Amino acid sequence: MKKIGRLRIKRIIFIIFFLFSSAVILSKVITKDPTKDDPEIFSLPPAEEPVFQLPNTPVIVPPYSQWIAKPCKEPQPTVLAIVHSSPSHLLHRRAIRQTWGSFPPGQNMTIKTVFVVGRSKLPKIQQRLEREAGQHGDIVALEMIDSYTNLTAKHLAGLRWGLKNCPRVAYIMKADDDALIDVRRAIKVLQSGSLGRNMLACRIVPEGTSPRRSGKWMVTRQDYPYQEYPEYCSGLAYFGTMSAMAGMYQAATSGKMPYLWIDDVFLTGFAATQAGVKRLDMSVWFARTDQDIIKWMKNGNGERHFPWIVAEMSPRYWPTDALSLWNRIKQANNGIPELTTEFNSLEQK
């Protein structure tokens, strides 16, 4: 009996000790400050914030090749058009040269157009590009492969060339080679006083636009972990004063900003904000679709003047229909004689 009694006492003592220990451990877990615990478990930021910060990566601006556009002559042009083009887009460049990329003599405003192009991986395309550069003298050729992930470097190289070689132009315009632009009308709008000294004029993409996480323009969470972009300008075409462009370029190359290969966001978003450059919304002057342009073109009883300044053209109409579109715009706006050059087949040399 004494032995059984001792066993019961030991069991009771063990149970009491176990319950007491459990209570102490539980009380420590409940009262513990969560901010001092493992950050991977307790210190995760809210869902809308990234888990890490973007690094401030120095931007490397690529060197130019020996095929480089000629600097602006005196007197300097009213506007410098810096057009981003693909090595294979010979027809796009030809279309721009013969439409909005040049002004007829005797105008009270002038334009210089250059095309920023990287190297092609295909020898035949690269050789054709080099011949074109030698013939026209308007290609800013870069010593880097022309690719989507090099867009920011390409953008900066074009700006650097413009700031160095055309330092006294009134305006710099950046455009893509699938854009149809009534440049003279754009200059008139800008000269009306709406564009300040430190401003960009563009179609503003509002703050809150989400990065694309799939497709051709996919931005990974390693590239950009945030769920939203800040306000920036559509890269189809935007205009700026020399002061605004210089400030944006300096901010972009300062190494004090997070790098992003999406050049529109990086330059006209991050860098413009860093430099204190404001954005003037010109969305009302941008056509919604190229179908609106075709409809206007075919409607002889429609608006007398071309109702837009900038339009993005699909491969269905650009560059093959560039001349007919431009002739229609000229007739409607100024009555300038029609252009007659044809280029509906790729030049093979």
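**Entry 1: the largest pocket**

I looked up which elements line the largest pocket of this predicted model. Five of them, α5 (151–165), β4 (171–176), β6 (199–205), β7 (232–241) and α8 (263–275), each give at least two residues to that lining. I noted β7 as the largest contributor, with five residues.

Next I took the volume. The largest pocket holds about 1,100 Å³ of space. Its lining runs to 38 residues, and those closest to the centre are Tyr148, Leu151, Asp176, Trp217 and Asp264. I then sorted the lining by class. I got 15 nonpolar, eleven polar and twelve charged residues.

**Entry 2: the second largest pocket**

I moved on to the second largest pocket. Its space comes to about 370 Å³. I list 18 lining residues here, with Gly101, Ile111, Lys112, Thr113 and Asp138 closest to the centre. Which strand gives the largest share of this lining? It is β2, with four residues. By class, I find seven nonpolar, six polar and five charged residues in the lining of the second largest pocket.

**Entry 3: the cavity**

I searched for enclosed space. At 30 Å³ or more, I find one cavity in the structure. The largest cavity encloses about 40 Å³. I wrote down its lining: Ser65, Trp67, Val117, Gly118, Arg119, Gln126, Leu129, Ala141 and Leu142.

I mapped this lining onto elements. At least two residues each come from β2 (111–119), α4 (123–136) and β3 (139–145). Again I met β2: its three residues are the largest share of the cavity lining, and β2 also has the largest share in the second largest pocket. The class split for the cavity is five nonpolar, three polar and one charged.

**Entry 4: the nonpolar cores**

I turned to the cores last. The largest nonpolar core has 51 residues. Within this core, Trp100, Met173, Leu180, Ile181, Val183 and Ile293 touch the most other members. I picked Leu180 for a closer look.

Which residues does Leu180 touch, leaving out those up to four places away in sequence? I list Trp100, Ile293, Phe306, Ile309, Val310, Ala311, Met313, Trp318, Trp326 and Ile329. Two of these partners, Trp100 and Ile293, stand with Leu180 among the residues that touch the most other core members.

Another core lies apart from the largest one. I count 49 residues there, including Cys72, Val140, Leu200 and Met248.

Technical notes. Residues numbered from 1 in each chain as written. Predicted model: local features only at pLDDT ≥ 70, side-chain atom pairs only at ≥ 80, totals over all residues. Heavy atoms only, no water. Core = buried A, V, L, I, M, F, W, Y, C linked by side-chain atoms within 4.5 Å. Buried < 20%, exposed > 50% of the residue type's maximum accessible area, 1.4 Å probe, protein only. Contact = heavy atoms within 4.5 Å. 1 Å grid on protein atoms, 1.4 Å probe; cavity = no way out; pocket = protein on both sides within 12 Å on 5 of 7 lines; lining within 4 Å. Points joined across faces, edges and corners; volume = space filled by probe spheres on them. Nonpolar A, V, L, I, M, F, W, Y, C, P; charged D, E, K, R; others polar.
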